[in-house]
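Please open the model in a viewer and keep the sequence panel visible. The tour proceeds by selection, with a short account at each stop.

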Amino acid sequence: MATSESGRMKDGKDIPPGTIVACTTIFNEKFEGEVMAFDYGTKFVVIKTPTAKGSKKGNSDVRMFNISNLSNFEIVKESIKPAQSLPAIDLEKIEKRTKCKIQDKRLAVSRVGIDVTPEGQKLFDVIAKQFNELYWEEKNIVIMDKVIISPPYSTENIHPKDGKDEQALTYIKGIVNKYYENDKESSN
């Protein structure tokens, strides 16, 4: 549904780089940005949008869309400038970022308990914000290989794993108590 400023269909025409477009995804997400590339045959468009707040100045997000899968696609301002050459791609940086994202996803998947209560999963997620060394051992939460929290995940169910580390035990009990206090307050 590519339209020009006058609203006519752009059948068979390329959208030149530098053109400003606005689009809405089927999930009702709206984006406006500059076209970096367009392929009429596959109906794919690559646009550059401003990066979210808090990012480095001058950075941009690059998004790729299949125009056929957009609920709205409009040309805001067509570019009349000749196409600029595309910037060089830093493959090393992309590979590093990809590895980091894959590692993050694997970590997130490993932190989902199998056949545990929603309450247990919520508590796990809260503790995971403070400890990296955290995993599920069946239905038990194991923290730093020192402390175990068993179902139903209350302070009475917190035990040392091997030996006695009173400091870790006390600290984890404090986190669990605070979690339940906050949960109770938000329920009221």
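Surface patches on this tour are made of residues with over 30% relative accessible area and no salt bridge; like charges are joined within 9 Å, and nonpolar side chains (Val, Leu, Ile, Met, Phe, Trp, Tyr) within 5 Å. Accessible areas come from the Shrake-Rupley method with a 1.4 Å probe, and for residues only the protein chains shown count as cover. This is a predicted model, in which local features need pLDDT of at least 70 and side-chain atom pairs count only at pLDDT 80 or more, while totals for chains, interfaces and linings use all residues. Residues are numbered from 1 along each chain as its sequence is written, and side-chain values use heavy atoms, with hydrogens and water left out.

**The overall fold**

Begin with a cartoon of the whole protein, coloured by secondary structure. The protein has 3 helices and 10 strands; helices (H or I, at least four residues) and strands (E, at least two) are DSSP runs, numbered from the N terminus. Along the sequence these elements follow the pattern β-β-β-β-β-β-α-α-β-β-β-β-α. Of the 188 residues, 29% are buried, where buried means under 20% relative accessible area, exposed over 50%, and partly exposed in between (1.4 Å probe, protein chains only).

**Strand 2 and its partners**

Select residues 20-25, which form strand 2. Why can strand 2 be described as largely enclosed by the rest of the structure? The reason is that 5 of its 6 residues are buried.

Next, add strand 3, residues 30-39. Strand 2 and strand 3 run antiparallel and are paired over 5 bridges; two strands pair if DSSP finds at least two bridges between them. Within this pairing, V21 of strand 2 faces G33 of strand 3. The hairpin of these two strands has 4 residues between the strands, and there N28 adopts a positive phi near 65°.

Now add residues 70-77, strand 6, which is also antiparallel to strand 2, with 6 bridges. Here I20 is placed opposite K77 of strand 6.

**Salt bridges**

Switch to sticks for the charged side chains. The structure contains 6 salt bridges, each being a side-chain nitrogen of Lys or Arg within 4 Å of a carboxyl oxygen of Asp or Glu.

Select E34 and K48, whose side chains form a salt bridge at 4.0 Å, N to O. E34 belongs to strand 3 and K48 to strand 4, so the pair ties together parts that are 14 residues apart in sequence. E34 is partly exposed, at 30% relative accessibility, and K48 is likewise partly exposed, at 32%.

Move on to E95 and K99, a salt bridge in which the closest N and O atoms are 3.3 Å apart. Both residues sit in helix 1 (residues 91-110), 4 residues apart, and are separated by about one helical turn. E95 is partly exposed at 45% relative accessibility, whereas K99 is exposed at 54%.

Then select E137 and K161, which are joined by a salt bridge of 3.7 Å, N to O. E137 is in strand 7 (residues 134-137) and K161 is in the loop between strand 10 (158-160) and helix 3 (166-187), so this pair ties together parts that are 24 residues apart in sequence. Add D145 to the selection: salt bridges with shared partners link E137, D145 and K161 into one network. Keep D145 displayed and select E133, in the loop between helix 2 (118-128) and strand 7. E133 is exposed, at 55% relative accessibility. E133 and D145 are 12 residues apart in sequence, and their C-alpha atoms are 7.7 Å apart in space.

**Surface patches**

Finally, display the molecular surface. Select I89, L91 and I94, a nonpolar patch with about 330 Å² of accessible area together. I94 belongs to helix 1 and is partly exposed, with a relative accessible area of 44%.

Which residues gather in a patch of positive charge on the surface? They are K56, K93, R97, K101 and K105. Lys and Arg count as positive and Asp and Glu as negative, while His and the chain ends are not counted; the place of a charge is taken as NZ of Lys, CZ of Arg, CG of Asp or CD of Glu. K56 is located in the loop between strand 4 (44-50) and strand 5 (60-66), and K56 is exposed, at 65% relative accessibility.
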